[in-house]
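Subject: Structure for you to look through

Dear colleague,

I am handing over the structure we spoke about, and below it I have written out what was found. Please keep it open beside this message while you read.

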Amino acid sequence: MGRMSALSVSAGDRNDGRTAQCWCCGTSEAPDRMVHLGEHPEVHLCLQCAHFVHQRAWAIEDEGKHGPAPFTREQFRKLRAEVVRRGWHQNRSIGGKLRWLGKYLP
Ligand SMILES: [Zn+2]
């Protein structure tokens, strides 16, 4: 998975001792900086993983709407040309999403 930066945030320099571990990536964080599940409050997600889960939810919803491969290769080429035209490929967060999207294309 492409989330190797998640572990670069270390809890070693915190002195308050109140940290919880992310159930997704294992990062330690202050509990009030984490997302808790309603039925299982013992389950913590760091904000990074919560954003990741959110993205996955949109992706799964999209798959439901358009079928498993919403873009053909040609449509993706057009999309990429549009992205370059707008300079989005220089935006780190959008660029990362596009690389992630590329994995699901034929
Ligand atoms: Zn996490």
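Leaving aside its neighbours within four places in sequence, which residues is A20 in contact with? The residues in question are T27, S28, E29, P31, M34 and H44. Please bear in mind throughout that this is a predicted model, and that the contacts and distances here are computed from it.

A20 itself lies in strand β1, and because its relative accessibility is 8%, under the 20% limit, A20 counts as buried. Although A20 and C46 are 26 residues apart in sequence, their C-alpha atoms are 9.0 Å apart in space. Both belong to the largest nonpolar core, which has seven residues, namely A20, C22, C25, M34, L45, C46 and C49. In soluble globular proteins, nonpolar side chains tend to be buried together. Within this core, M34 is in contact with A20, Q21, C22, T27, E29, H44, L45 and C46, once its neighbours within four places in sequence are left aside.

Four cysteines of that core, C22, C25, C46 and C49, also hold the zinc ion, which their SG atoms coordinate at 2.2 to 2.4 Å. The donors follow the spacing C-x2-C-x20-C-x2-C along the chain. C25 lies in the loop between β1 (20–21) and β2 (28–29), whereas C49 lies in helix α1 (residues 47–66), so this pair ties together parts that are 24 residues apart in sequence. The arrangement around the zinc ion is tetrahedral because the four donor atoms subtend angles of 103 to 117°, and for four donors that label requires all angles to lie between 85 and 135 degrees.

As for how covered these cysteines are, C25 and C49 are both buried, C22 is buried with a relative accessible area of 4%, and C46 counts as buried at 4% relative accessibility. The structure holds zero disulfides.

Turning to the protein chain as a whole, there are three helices and four strands, and from the N terminus on the elements run β-β-β-β-α-α-α. Buried residues make up 20% of the 106 residues, and the accessible surface comes to about 8,200 Å², of which 55% belongs to carbon and sulfur atoms. Among the contacts with a separation of 6 or more, 26% are between residues 24 or more positions apart.

With best wishes

Notes:
Residues are numbered from 1 along each chain as its sequence is written. This is a predicted model: local features need pLDDT of at least 70, side-chain atom pairs count only at pLDDT 80 or more; totals for chains, interfaces and linings use all residues. Side-chain values use heavy atoms; hydrogens and water are left out. Donors are N, O and S atoms within 2.8 Å of the metal (3.2 Å for Na, K and Ca); water is not among the atoms, so sites may look incomplete. Four donors count as tetrahedral if all angles lie between 85 and 135 degrees; four count as square planar and six as octahedral if opposite donors are over 155 degrees apart and all others between 65 and 115; anything else is irregular. Helices (H or I, at least four residues) and strands (E, at least two) are DSSP runs, numbered from the N terminus. Buried means under 20% relative accessible area, exposed over 50%, partly exposed in between (1.4 Å probe, protein chains only). A nonpolar core is a set of buried Ala, Val, Leu, Ile, Met, Phe, Trp, Tyr and Cys residues joined through side-chain atoms within 4.5 Å. Contact means heavy atoms within 4.5 Å. Accessible areas come from the Shrake-Rupley method with a 1.4 Å probe; for residues, only the protein chains shown count as cover. A disulfide is a pair of cysteine sulfur atoms within 2.5 Å.
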